[in-house]
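Reader: Hello! I am new to this structure and would love a close look at a single part of it. Could you walk me through how one helix packs against its neighbours?

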Amino acid sequence: MIREILFPWALMTVSALSLPVTIIKFLVAGDLHAFTSWSTFRDAWFAVFWINVGPLAKQTAAPNVIPLLQGRLKDGKVQDKVVSQPLHGTVLEIGRGVGMWTQFYQKTIDEAEKEGTAGPDKIYASEPNRFLAATLKKHVKTANFEEVYHVLPVGVEGLGNTTASGTKIEPESLDCIVTVQGLCCIPEPEKNLPLLYRYLKKGGHWYVFEHVRNDESTILSGIQSFTEIFWKPMICCHLCRDTAKTLRGLGEWEEIDLAPPQGESPYEMIPHIVGTLVK
Ligand SMILES: C[S@@+](CC[C@H](N)C(=O)[O-])C[C@H]1O[C@@H](n2cnc3c(N)ncnc32)[C@H](O)[C@@H]1O
């Protein structure tokens, strides 16, 4: 229990240490653009933090996220066989960071082509943080993945407007939405999640791996709420969102399978929900 309570504080320490690193990095590079406004500097700071912490977050998430996208997860438990539709068609990812899952997508597309099954054919990645979006774009270019994977340098709130790349997400145009630890960061979920629901086709799949509020006990949720006072300014995300409730309430769903991942401690200060909603 102590370990779980202290874990967010360890991440906040890394964020605090990333602050002088960010200042030095951009000064040494002569890139004064990062200092033009607080929000630009905040993005630069988060990018430095996430480039270091992201690989650890990926390691923790991968045992659930990969089976989730492969359709091998039910009731929070990983299954040996495919039990629901894997990632397919036109996909939108929200808050892609530096694109930790790009290699997995490439592998999935290659395998689907070899086996003649329906894999993803177009992936849009929404990432409004210009420093992360730039790293992500470089990553995609190096991986020779530009034809399939399109980085949209806007947040969820801007996807309905034509972006600089000329792309605009139309209502009912997406086969799949992927949100992996992204909904904790977006502003005004009550306003912006209905936009995402509208972009999904009827029968479309929304794959979710998100950290949410702890509902185990009043004491634990009290500790989590206290931690959030410091967490929000340090990490730029929300610790206590009831994302499952917001998602369920978005509209009609044909199927909802959302549960805590198997084996996660009830004392987690960063507890998750994992699963799929089918519209
Ligand atoms: C905790 S990181 C997760 C990154 C990535 N999903 C991963 O698993 O590595 C959250 C991401 O959401 C992005 N974000 C913040 N505001 C957003 C918005 N309004 N719309 C879309 N993404 C946003 C952040 O820039 C950040 O890259």
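Author: Happy to! A word on handedness will help: a crossing is called right-handed if the near helix is turned clockwise from the far one by less than a right angle, and left-handed if it is turned anticlockwise. Please keep in mind that this is a predicted model.

Let us look at helix α1, residues 2-28. One of its partners is helix α2, residues 38-69, and the two axes are 8 Å apart at an angle of about 120°. Angles of 65 to 115 degrees count as roughly perpendicular and those over 145 as roughly antiparallel, so α1 is oblique to α2. Their crossing is right-handed. On the α1 side, the residues in contact include Leu11, Val14, Leu19, Lys25 and Phe26, while α2 offers Phe41, Ala44, Trp45, Val48, Phe49 and Val53. Sorted by class, this contact holds 12 nonpolar, three polar and one charged residues.

Another partner is helix α6, residues 218-235, whose axis comes within 10 Å of that of α1 and crosses at roughly 15°. Since angles under 35 degrees count as roughly parallel, α1 and α6 are therefore roughly parallel to each other. This crossing is left-handed. Here Ile5, Pro8, Trp9, Leu11, Met12, Ser15 and Ala16 of α1 meet α6 residues, among them Phe226, Phe230, Trp231 and Met234. The contact of α1 with α6 has 12 nonpolar and two polar residues, and no charged ones.

Two residues of α1 are worth finding on your screen: Leu11 and Ser15 take part in the contact with α2 and also in the one with α6.

Key:
Residues numbered from 1 in each chain as written. Predicted model: local features only at pLDDT ≥ 70, side-chain atom pairs only at ≥ 80, totals over all residues. Heavy atoms only, no water. Axes fitted to C-alpha atoms, helices over the stretch in contact; angles between N-to-C directions. Helix = DSSP H or I, 4+ residues; strand = E, 2+ residues; numbered from the N terminus. Contact = heavy atoms within 4.5 Å. Nonpolar A, V, L, I, M, F, W, Y, C, P; charged D, E, K, R; others polar.
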